[in-house]
Amino acid sequence: ATGNISVNVAPGYYTEVCPITIPQNCALMGDNLRNVFIQPSVASSDMFYMTNGSYVWGVTVRNYTGNAFSYNPATPSQNVFVSPYIQNLTSSTTTGTAVYVDGDLVSSISTKAFIVGFFTIINRGGIGIRLVNSAYSQSVNIYTIACDIGVKVESGSFITLNGSDCSIGNYGLV
């Protein structure tokens with residue numbers, strides 16, 4: 001896929017060689033999060049690298065121990081002016097991090113942000129959302145369940161968190 005393309009994912013169980021980079025201004029659109037399940041072939045792999053204007057909707061990510069959604073650590077000079085958007089998702093795993101935003105993995109003039117909405121994160125012993133190095137996230141309706149840490153914000157980062165809940169885990173907000 002290249003710019004301005006939507007990739008539609010039919011119902012099913014997908015084991016993929018990860019990470020998968022969602023190209024600039026492209027969308028990965030699952031049929032819906034109740035019938036599209038994606039997991040990495042190697043559990044410790046990151047799953048999706050997001051880029052300028054990328055979008056993911058309607059999937060369940062599972063059985064990973066790396067990061068489900070993040071910037072690519074190999075491209076720290078990429079410009080991101082339209083924040084990646086992930087929406088209407090479920091995560092089910094152990095010890096992984098659903099959303100990892102590192103502000104140092106994009107150019108200094110980038111937004112350093114992810115927009116996250118309607119995401120249920122059941123990462124037993126893992127982290128729901130983690131922001132580091134002046135990263136930002138506007139997150140709405142985020143539900144972390146059984147995570148060691150629901151939301152962790154550090155080193156100059158900040159989050160706008162609305163209509164969300166952290167339950168069962170060890171720490172809700174750090």
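**Figure 1. The surface of the whole chain.** In this predicted model, the protein chain exposes about 7400 Å². Carbon and sulfur atoms supply 53% of that exposed area. Turning from the surface to the inside, buried residues account for 49% of the 174 residues in the protein chain. As for charge, the protein chain carries 6 positive and 8 negative side chains. Take the centre of each set, and the two centres sit 4 Å apart.

**Figure 2. The fold at a glance.** Looking for helices? You'll find zero helices in the protein chain, but 18 strands. The radius of gyration of the protein chain is 15 Å, close to the 16 Å that the globule rule gives for 174 residues, so the chain is as compact as a globular protein of that length. Measure along the principal axes instead, and the C-alpha trace spans about 40 × 40 × 30 Å. How far along the sequence do contacts reach? Of the contacts between residues at least 6 apart in sequence, 56% join residues at least 24 apart.

**Figure 3. An open sheet of seven strands.** Read across this sheet and the order is β3-β6-β9-β11-β13-β15-β18, with parallel pairing. Which strands stand at the edges? They are β3 (20-21) and β18 (171-173). Each has a single partner strand, so one side of each is left without a neighbour in the sheet. What holds such neighbours together? Strands of a sheet pair through backbone hydrogen bonds, either parallel or antiparallel.

**Figure 4. Zooming in on β6 and β9.** Here are two strands from that open sheet, β6 and β9. Strand β6 covers residues 48-49, and strand β9 covers residues 67-70. The two run parallel and are joined by two bridges. To find your way around, look for Y49, which stands opposite S70 in β9.

**Figure 5. T90 and its surroundings.** T90 is part of strand β10, which takes in residues 85-94. Is T90 buried or exposed? Its relative accessibility is 12%, and buried means under 20%, so T90 counts as buried. Who keeps T90 company? Leaving aside neighbours within four places in sequence, T90 is in contact with L33, R34, V59, T60, V61, F119 and T120.

**Figure 6. β14 and its partner strands.** Strand β14 (residues 136-145) pairs with strand β12 (residues 113-124) in the parallel sense, over eight bridges. In this pairing, G117 stands opposite V140 in β14. Strand β16 (residues 158-162) pairs with β14 too, again in the parallel sense, over five bridges. There, Q138 has T160 in β16 as its bridge partner. Then comes strand β17 (residues 165-167), which pairs with β14 in the parallel sense over three bridges. Look for Y143 here, standing opposite D165 in β17.

**Figure 7. A close look at V140.** V140 belongs to strand β14. With a relative accessibility of 27%, V140 counts as partly exposed. Leaving aside neighbours within four places in sequence, V140 touches V116, G117, F118, N162 and S164, in the sense that they are in contact. How far apart are V140 and F119 in sequence and in space? They are 21 residues apart in sequence and 8.3 Å apart in space, going from C-alpha to C-alpha.

Conventions. Residues are numbered from 1 along each chain as its sequence is written. This is a predicted model: local features need pLDDT of at least 70, side-chain atom pairs count only at pLDDT 80 or more; totals for chains, interfaces and linings use all residues. Side-chain values use heavy atoms; hydrogens and water are left out. Helices (H or I, at least four residues) and strands (E, at least two) are DSSP runs, numbered from the N terminus. The radius of gyration is taken over C-alpha atoms; the globule rule is 2.2 Å times the number of residues to the power 0.38. Buried means under 20% relative accessible area, exposed over 50%, partly exposed in between (1.4 Å probe, protein chains only). Contact means heavy atoms within 4.5 Å. Accessible areas come from the Shrake-Rupley method with a 1.4 Å probe; for residues, only the protein chains shown count as cover. Lys and Arg count as positive and Asp and Glu as negative; His and the chain ends are not counted. The place of a charge is taken as NZ of Lys, CZ of Arg, CG of Asp or CD of Glu. Two strands pair if DSSP finds at least two bridges between them.
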